[in-house]
Amino acid sequence: MMLAIAALSIATTRAVIAADHGPTVTAAQALQALLDGNRRFVVGKLEHPNQTPEVRADVAKGQHPFASVLACSDSRTPPEIIFDRGLGDIFTVRVAGNVADKVVIESLDYSVKHLGVRAVMVLGHRRCGAVIAAVAGHEEEGDVGPMLSELRPAVAASKGMAGDPVENAVRENVILVIKNLAASAELSAMVKSGELKIVGGVYDLDTGMIEMLKD
Ligand SMILES: [Zn+2]
């Protein structure tokens, strides 16, 4: 069954969602719900949906999140807050630099195939400390550890671009992670059929706004 997008912000619909297995919204509705929540956050008109004891009891029976977000571990970028969502809404993966190693990809893959997620957002952010470290250490030889190693392709791809090297690498990293996710044949087929959206964004620490990179 499809729910109107407005219903996503109403806690009472949670019971309907919890009782209904599989996807509860379309890919477009799932993405719109994220963007609507971010708009509320930016202007300070938060609704704090799905954070009541009743919703907690409902989602304890099973989770059917409508979206997944891969974000940085940075304490200033928690998806549930910057998208103004609550329990059972967003399947969240957070790791420094929002890089996608095999475990991260497997987690996101699981959320789409088994939990009914219909929009996946890869979310970088401005002035990311992990990316700053990767850009600074780009010329270093040898083993730099798994996180900086994951960021190296983005730093290399953005080298020589006009503008700020860190901001450019942040964007390239989001784009490369999306490409890695799309390497899954099943997810790629779902994107082609319109069942799934995989999008990228960059969060602005100062304004709270998300600049969409790809839709
Ligand atoms: Zn970061």
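Donors are N, O and S atoms within 2.8 Å of the metal. That cut-off underlies the zinc site shown in the second view. The model is predicted.

**View 1. The whole chain combines nine helices and five strands.**
The protein has 215 residues, and 48% of them count as buried. Along the sequence, the elements run α-α-α-β-α-β-α-β-α-α-α-α-β-β. The pattern opens with three helices and closes with two strands. Contacts between distant parts of the chain are well represented: among contacts with a separation of 6 or more, 67% join residues 24 or more positions apart.

**View 2. Three side chains of the protein coordinate the zinc ion.**
Which atoms coordinate the zinc ion? They are SG of Cys 72, NE2 of His 125 and SG of Cys 128, at 2.0 to 2.3 Å. Along the chain, these donors are spaced as C-x52-H-x2-C. Are His 125 and Cys 128 buried or exposed? His 125 has a relative accessible area of 1%, under the 20% limit, and is therefore buried. Cys 128 is also at 1% relative accessibility, so Cys 128 counts as buried. Water is not among the atoms, so a site of this kind may look incomplete.

**View 3. Helix 5 crosses helix 9 at roughly 55°.**
Helix 5 covers residues 102-115, and helix 9 covers residues 185-193. Their axes come within 11 Å. At this crossing angle, helix 5 and helix 9 are therefore oblique to each other. The crossing is left-handed. On the helix 5 side, the contact involves Asp 109, Val 112 and Lys 113. On the helix 9 side, Glu 186, Leu 187 and Met 190 take part. The residues of this contact are three nonpolar and three charged, with no polar ones.

**View 4. Helix 6 and helix 7 pack at an angle of about 70°.**
Helix 6 spans residues 129-136, and helix 7 spans residues 146-158. The axes of helix 6 and helix 7 are 9 Å apart. The two helices are therefore roughly perpendicular to each other. Which residues of helix 6 meet helix 7? They are Ala 130, Val 131, Ala 133, Ala 134 and Val 135. Their partners in helix 7 are Met 147, Leu 148, Leu 151 and Val 155. By class, this contact has nine nonpolar residues, with no polar and no charged ones.

**View 5. Helix 7 also packs with helix 8, at an angle of about 120°.**
Helix 8 runs over residues 165-182, and its axis is 8 Å from that of helix 7. The angle makes helix 7 oblique to helix 8. Helix 7 passes helix 8 in a right-handed crossing. From helix 7, the contact draws on Leu 151, Pro 153, Ala 154, Val 155, Ala 157 and Ser 158. From helix 8, it draws on Pro 165, Asn 168, Ala 169, Glu 172, Asn 173 and Leu 176. These residues divide into eight nonpolar, three polar and one charged. Leu 151 and Val 155 of helix 7 appear in this contact and in the contact with helix 6.

**View 6. Two residues between helix 2 and helix 3 have positive phi.**
Most residues other than glycine have a negative phi. His 48 has a positive phi, near 45°. Asn 50 has a positive phi too, at about 55°. His 48 lies in the loop that leads from helix 2 to helix 3 (53-59). Asn 50 is in the loop between helix 2 and helix 3 as well. How accessible are these residues? His 48 is at 46% relative accessibility and so counts as partly exposed. Asn 50 is at 2%, so Asn 50 counts as buried.

**View 7. Pro 23 sits in the loop between helix 1 and helix 2.**
Helix 1 covers 14-19, and helix 2 covers 27-43. Pro 23 has a relative accessible area of 33%, so it is partly exposed. In sequence, Pro 23 and Val 117 are 94 residues apart. In space, their C-alpha atoms are 6.4 Å apart.

**View 8. Asp 204 lies in the loop between strand 4 and strand 5.**
Strand 4 covers 197-203, and strand 5 covers 210-214. Asp 204 is at 15% relative accessibility, so it counts as buried. Beyond its neighbours within four places in sequence, Asp 204 is in contact with Arg 126 and Met 209.

Notes: Residues are numbered from 1 along each chain as its sequence is written. This is a predicted model: local features need pLDDT of at least 70, side-chain atom pairs count only at pLDDT 80 or more; totals for chains, interfaces and linings use all residues. Side-chain values use heavy atoms; hydrogens and water are left out. Donors are N, O and S atoms within 2.8 Å of the metal (3.2 Å for Na, K and Ca); water is not among the atoms, so sites may look incomplete. Buried means under 20% relative accessible area, exposed over 50%, partly exposed in between (1.4 Å probe, protein chains only). Axes are lines fitted to C-alpha atoms, for helices over the stretch in contact, and angles run from 0 to 180 degrees between N-to-C directions. Helices (H or I, at least four residues) and strands (E, at least two) are DSSP runs, numbered from the N terminus. Angles under 35 degrees count as roughly parallel, over 145 as roughly antiparallel, 65 to 115 as roughly perpendicular and the rest as oblique. A crossing is left-handed if the near helix is turned anticlockwise from the far one by less than a right angle, and right-handed if clockwise. Contact means heavy atoms within 4.5 Å. Ala, Val, Leu, Ile, Met, Phe, Trp, Tyr, Cys and Pro count as nonpolar, Asp, Glu, Lys and Arg as charged, and the others, Gly among them, as polar.
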